[in-house]
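Let's take a walk through a protein, one stop at a time. Keep the picture open and turn it as you read.

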Amino acid sequence: MTVQVKDMVLEKVAIGPVSARVYQGAEFGKGAPIVLFFHGGAFLQSGIKESAVAESMAKAGAIVAVPDYNAPLGNVFPKPLEVGYSLFSYLANKRASGIGDRNSLLLIAGEEAGGNIAAGVALKARDHYANALDGQILLSPLLDPFMGTSSIRKADGIGMRQSWTEGWSHYLSGGGCHPYAAPCLCSRISGVAPALIFTAEDDPLRDETVGYAARLKEAGVGVRQHILPAGTGWPSIYGGKTVGTSNWQENISREFGSFVQELSVQHQLH
């Protein structure tokens, strides 16, 4: 499916206007799912980002908005989360946002640091806007500020540990470590939206990703977990030198499509 891309400003968000890049399949239909996607960048990057992941979901029929979520208020917790939650609330009022329609499923997604924001927004949505969020998609989410997992230690050679250390230090520099800031430390994760979770065998964030998926399952949350083979990880983590890019994009499109279909059936039953 051909994907159309346009830049726009979401004017009526509670925290103020937010710039975004919107991806949508040229053949998307009525009731197409809406995905709010948070880009990676170790909590430090701002700007409107190109996203192969967003493009992959758009190819599966979604409307995907990738916001510049660090720009409006800064990139120290809780500001990015406030922007993310305001965007989620804005899109939940589908007629006001002009993106999608009242029949659209609403999902949040993110990779790396953006996966942290997505997981935090999912927790806050459960606590403050019950039933408005239909699903969450976490792609190699950056969830553990202690970075002590085996997979991170094994991957020191790719040079990401220092970037993530600096990113976590900056993100948490406002003081404290709220569960929304480090979802893997949250003691109460039951009742959050169903999750589609991606990682790879050689992903430095594999262990914390798989660990969070296991905790969600134990809490009774519906989880679809997909672990890609080594060599097919995410460009934002592996410096754009991914082998077999088309393979992981096809995996995302396929798994995302199945996840949305499953959510649609559940939505109709309820």
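**A guided walk**

Start at Ser46, which sits in the loop that runs between strand S3 (34-38) and H1. Keep in mind that you're looking at a predicted model. Ser46 counts as partly exposed because its relative accessibility is 41%. Setting aside its neighbours within four places in sequence, Ser46 is in contact with Asp68, Asn70 and Ala71. Now try finding Arg188: it is 142 residues away from Ser46 in sequence, and the two C-alpha atoms are 30 Å apart in space.

Follow the chain from that loop into helix H1, residues 52-59. Which residues of this helix are buried? They are Val53, Ala54, Ser56, Met57 and Ala58. Here's a handy bit of background: an α-helix has 3.6 residues a turn, so residues three or four places apart point the same way. After H1 comes Gly61, and its phi is positive, near 105°.

Next, hop over to helix H4, residues 113-128, and look for Lys124. This lysine is buried, yet it has no salt bridge. Why not? A salt bridge needs a side-chain nitrogen of Lys or Arg within 4 Å of a carboxyl oxygen of Asp or Glu, and the nearest side chain of opposite charge to Lys124, Glu82, is 6.1 Å away. What does Lys124 touch, then, not counting residues up to four places away in sequence? Its contacts there are Leu81, Tyr85, Tyr129 and Tyr180.

Other charged residues do find partners. Side chains of opposite charge can pair when their charged atoms come close. The count for this structure comes to 8 salt bridges. One of them joins Asp127 and Arg126, with N and O 2.8 Å apart. Arg126 counts as buried because its relative accessibility is 17%, whereas Asp127 is partly exposed, with a relative accessible area of 29%. Arg206 and Asp207 make another salt bridge, and their closest N and O atoms are 3.1 Å apart. Arg206 is buried at 18% relative accessibility, while Asp207, at 26%, is partly exposed.

Then there's the salt bridge between Glu255 and Arg224, where the closest N and O atoms are 3.4 Å apart. Glu255 belongs to helix H8 and Arg224 to strand S8 (residues 223-228), so this pair ties together parts that are 31 residues apart in sequence. Glu255 is buried, with a relative accessible area of 15%, and Arg224 is partly exposed at 22%. You can also look for Asp7, Arg21 and Glu50, which are linked in a network of salt bridges.

How about the cysteines? A disulfide is a covalent bond between the sulfur atoms of two cysteines. How many disulfides does a search of the whole structure find? The search turns up 0. Take Cys177: the closest cysteine sulfur, in Cys184, is 7.9 Å from its own, so the two are too far apart for a bond. Cys177 counts as partly exposed, at 39% relative accessibility.

Finish at the largest pocket, which has a volume of about 370 Å³. Its lining is made up of 18 residues, and those nearest the centre are Asn131, Leu133, Asp134, Ala193 and Pro194. Which elements give two or more residues to that lining? They are H4 and helix H8 (245-269). You've met both already: H4 is where Lys124 sits, and H8 holds Glu255.

Key: Residues numbered from 1 in each chain as written. Predicted model: local features only at pLDDT ≥ 70, side-chain atom pairs only at ≥ 80, totals over all residues. Heavy atoms only, no water. Disulfide = S-S within 2.5 Å. Buried < 20%, exposed > 50% of the residue type's maximum accessible area, 1.4 Å probe, protein only. Helix = DSSP H or I, 4+ residues; strand = E, 2+ residues; numbered from the N terminus. Lys, Arg positive; Asp, Glu negative; His and termini not counted. Contact = heavy atoms within 4.5 Å. 1 Å grid on protein atoms, 1.4 Å probe; cavity = no way out; pocket = protein on both sides within 12 Å on 5 of 7 lines; lining within 4 Å. Points joined across faces, edges and corners; volume = space filled by probe spheres on them.
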